[in-house]
Amino acid sequence: QVQLVESGGGLVQAGGSLRLSCTPSGSLFNFKTTGWYRQAAGKQRELVATVSKYGSTVYSDSVRGRFTISKDNSKNTVNLQMNGLEPEDTAVYYCYAKREALNPKYEYDYWGQGIQVTVSS
């Protein structure tokens, strides 16, 4: 089965930066989309940023201009550089990957265990 191993995160003051990394158990080439979602206390899970197999990116309005998603093919990782962090960014961040398949019914979704990001004011 696919596992997504997350690293990074932690506690940072407002205005600071953190870098999250996600390493799948298989090759990144197995996934049509990878990226990050987050869930804050009392809130629903929401998209943060994704990057497709071919490099196209999607950002939520709340993080666009502050966060940057990228892939490091040599390390087989998906990275999320978070700059200008705000208390509102405090959440559990989950790595996400969608399996590539010819038939959409086999495009399974995979999730990491989640990693805490806390931004103090």
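# Notebook: rings, strands and a core

I started with the aromatics, and found that Tyr37, Tyr96 and Trp111 form one aromatic cluster. A reminder to myself before going on: this is a predicted model, and I read every value below with that in mind.

**Entry 1, the ring pairs.** I looked up how many aromatic pairs the structure holds, and there are five. I took Tyr37 and Trp111 to begin with. Their ring centres are 5.1 Å apart and the planes stand at 70 degrees; an angle over 60 counts as edge-to-face, so that is what I wrote down for this pair. Tyr37 sits in strand β4 (residues 31–39) and Trp111 in strand β10 (residues 109–111), so I noted a link between distant parts of the chain, 74 residues apart.

Next I checked how open the two residues are. Tyr37 is buried at 18% relative accessibility, while Trp111, with a relative accessible area of 32%, is partly exposed.

Then I turned to Tyr96 and Trp111. Here the ring centres lie 4.8 Å apart with the planes at 50 degrees, so I logged the pair as tilted. Tyr96 belongs to strand β9 (residues 91–99) and Trp111 to strand β10, so this pair ties together parts 15 residues apart in sequence. Tyr96 is buried, at 6% relative accessibility.

**Entry 2, a charge on the tryptophan.** What sits over the ring of Trp111? I found the charged end of Arg45 there, 3.8 Å from the ring centre.

**Entry 3, two threonines.** I looked up Thr34 in strand β4, and it counts as buried at 5% relative accessibility. Setting aside residues up to four places away in sequence, Thr34 touches Leu28, Thr50, Val51, Ile69, Lys71, Val78, Tyr96 and Ala97. I was pleased to meet Tyr96 from the aromatic cluster again in that list.

Thr50 was the natural follow-up, as a contact of Thr34. Thr50 is in strand β5 and is buried too, with 8% relative accessibility. Beyond its neighbours within four places in sequence, Thr50 is in contact with Thr33, Thr34, Gly35, Tyr37, Ser56, Thr57, Val58 and Ile69. Tyr37 is among these contacts, so I had another cluster member on my page.

**Entry 4, the nonpolar core.** Which residues have the most contacts inside the largest nonpolar core? I noted Trp36, Leu80, Met82 and Tyr93, in a core of 27 residues. The elements giving two or more residues to this core are β3 (18–24), β4, β5 (46–52), β7 (67–72), β8 (77–82), β9 and β11 (115–120). β9 gives the most, with four residues.

**Entry 5, strand β1 and its sheet.** I followed the side chains along strand β1 (residues 4–7), and they alternate. Leu4 and Glu6 point to one face and are buried, whereas Val5 and Ser7 point to the other and are not. As a general note, side chains in a regular strand alternate between the two faces of the sheet.

Which strand does β1 pair with? I found β3, in the antiparallel sense over four bridges. Leu4 stands opposite Pro24 in β3. Stepping back, I saw an open sheet of four strands in the order β1-β3-β8-β7, with antiparallel pairing. β1 and β7 are the edge strands, each pairing on one side only. Neighbouring strands here are turned against each other by 20 degrees on average, direction ignored.

**Entry 6, Ser17.** I closed the day on a loop residue. Ser17 lies in the loop between β2 (10–13) and β3. Is Ser17 buried or partly exposed? At 37% relative accessibility, Ser17 counts as partly exposed. Apart from its neighbours within four places in sequence, Ser17 is in contact with Val12, Gln81, Met82, Asn83, Gly84 and Leu85. Met82 I already had down from the core. I also looked up Ser17 against Val119: these residues are 102 apart along the chain, and their C-alpha atoms are separated by 9.5 Å.

Methods. Residues numbered from 1 in each chain as written. Predicted model: local features only at pLDDT ≥ 70, side-chain atom pairs only at ≥ 80, totals over all residues. Heavy atoms only, no water. Phe/Tyr/Trp six-rings, centres within 6.5 Å; stacked < 30°, edge-to-face > 60°. Buried < 20%, exposed > 50% of the residue type's maximum accessible area, 1.4 Å probe, protein only. Lys NZ or Arg CZ within 6 Å of the ring centre and 35° of its normal. Contact = heavy atoms within 4.5 Å. Core = buried A, V, L, I, M, F, W, Y, C linked by side-chain atoms within 4.5 Å. Pairing = 2+ DSSP bridges. Axes fitted to C-alpha atoms, helices over the stretch in contact; angles between N-to-C directions.
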